[in-house]
Amino acid sequence: MKEQVLRELAAEYEIQRAANRAEERRRLSEAAARDPAIGELAERRVELFRKRVRAAFDSPERAMEISAELRAELARIASELRARLKAAGFAEDWLQPVYRCEACQDHGYAGEPIREMCECMKQRVYQRLCSDESLGVNADENFAAWDERVYDGAPTDKSPRGQRAEMIILRDICREYADSFPNNDKPCMLFCGPSGVGKTYMLNCVAQRVLERGYTPWKLTASRMMSILRDSYFERGDPERARLLRESPLLMIDDLGTEPMQENLTITQIFTLLNERNARRAHTIASTNLLPAELMSRYTERVFSRLFDKRLTRVLSFRGADARRIRA
Ligand SMILES: [Zn+2]
């Protein structure tokens, strides 16, 4: 997915650069129409630039000297251009190179000696990936917007610290996970707890942060995941999607336990997927409303032991009252 976005963006940056050059030509002809001397000076400037490059090639030993002469000449032209532009009613920088981004001059990459992706390009990649519905990420739900006030601060019998304090701990664990991704002690997490306590919101926070850091997570419901696996089993649909389920660097399965069960097919397919991902130490986060005993009876011990594999998985218990109700 990311490669495709990068290819599309490279083409867009190329178009942008062509548009910049066209804009520069348009500005020049507009200024030259008002004062022909401006056109001549601009031509002379281009000629001097060429001369400077040629000189550096032809006589490297005199390059410094020539270059100093040319620089002085260029400076003289630049100041005359500014004066004439001003007199003709243009801004002094009217004939400066046109860029949307100063840092990379619209190449998308900048830096010496190592060229890196420019911030402007990172931003575009990020926006493109976020707006891609297939990633399933809700950009409005992120760590910055996460608000502990939706949780009750008062201690209860079940939670002596209070739900708010517990949720802050979970938030910190998840943020740390996202900030360290993909170098986590345990690549997997399992969010357990009743509906409405903010598991899906937390999944989005992690996804969002991981996206910002340049990785591509994929969040989808267990039902959607099963329908992709089923399609692939019956050789229908897009085989690419099933491959992504196996290979996505961070797969987030929301609402495990709400998908329709199809005899042994569901269990076998979930088992195979988790097994394969765990063997590759791929990162997976699942959320479920089911209790461990319910998961065990629904998916059998084989799947259960993959989900709760302590060597690979950190289990987070989301407890307490429905935050959506509190918010309302
Ligand atoms: Zn840039």
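Start by selecting Glu235: this residue is exposed, with 7 C-beta neighbours inside 10 Å. (Exposed stands for 12 or fewer other C-beta atoms within 10 Å of a residue's own, buried for 20 or more, and partly exposed for anything in between, with C-beta atoms placed from the backbone.) Glu235 sits in the loop between α7 (222-233) and α8 (239-247). Check its backbone too: phi is positive, about 55 degrees, although Glu235 is not a glycine.

A word on what you are viewing. This is a predicted model, in which local features need pLDDT of at least 70 and side-chain atom pairs count only at pLDDT 80 or more, while totals for chains, interfaces and linings use all residues. Residues are numbered from 1 along each chain as its sequence is written.

Now zoom out to the whole chain. You should find 11 helices and seven strands, where helices (H or I, at least four residues) and strands (E, at least two) are DSSP runs numbered from the N terminus. The chain is more spread out than a compact globule, because its radius of gyration is 29 Å, well over the 20 Å that the globule rule gives for 328 residues. (The radius is taken over C-alpha atoms, and the rule is 2.2 Å times the number of residues to the power 0.38.) Along the principal axes, the C-alpha trace spans about 85 × 50 × 40 Å. Of the 328 residues, 24% count as buried.

Next, select helices α2 (residues 36-58) and α3. Their axes lie 10 Å apart, at an angle of about 165 degrees; axes are lines fitted to C-alpha atoms, for helices over the stretch in contact, and angles run from 0 to 180 degrees between N-to-C directions. The two helices are therefore roughly antiparallel, a label for angles over 145 degrees. Show side chains to see who makes the contact: Leu41, Leu48 and Ala55 are among the residues of α2, and Leu70, Ile77 and Leu81 among those of α3. (Contact means C-beta atoms, placed from the backbone, within 7 Å.)

Stay on α3 (residues 63-87) and pick Glu65. Glu65 is exposed, with 11 other C-beta atoms within 10 Å. For a sense of distance, draw a line from its C-alpha to that of Gln123: the two are 43 Å apart.

Move on to the open sheet, whose five strands run in the order β4-β5-β6-β3-β7 with parallel pairing. Strands count as paired if DSSP finds at least two bridges between them. At the edges stand β4 (217-221) and β7 (313-317), each with a single partner strand, so one side of each has no neighbour in the sheet.

Which strand is largely enclosed by the rest of the structure? Select β6: six of its six residues are buried. His283, Ile285 and Ser287 cover one side, and Thr284, Ala286 and Thr288 the other. Strand β3 (residues 188-192) pairs with β6 (residues 283-288) over four bridges; there Phe191 partners Ser287, and Met189 partners Ile285. Strand β5 (residues 250-256) is joined to β6 by five bridges, and Leu251 stands opposite Thr284.

Two last stops involve the backbone. Pro182, in the loop between α5 (163-180) and β3, is joined to Phe181 by a cis peptide bond with omega about 5 degrees. Finally, select Gln105, in the loop between α3 and β1 (109-110). Its phi is positive, near 50 degrees, in a residue other than glycine, and Gln105 is partly exposed, with 16 C-beta neighbours inside 10 Å.

Conventions: Parallel < 35°, antiparallel > 145°, perpendicular 65-115°, else oblique. Contact = placed C-beta atoms within 7 Å.
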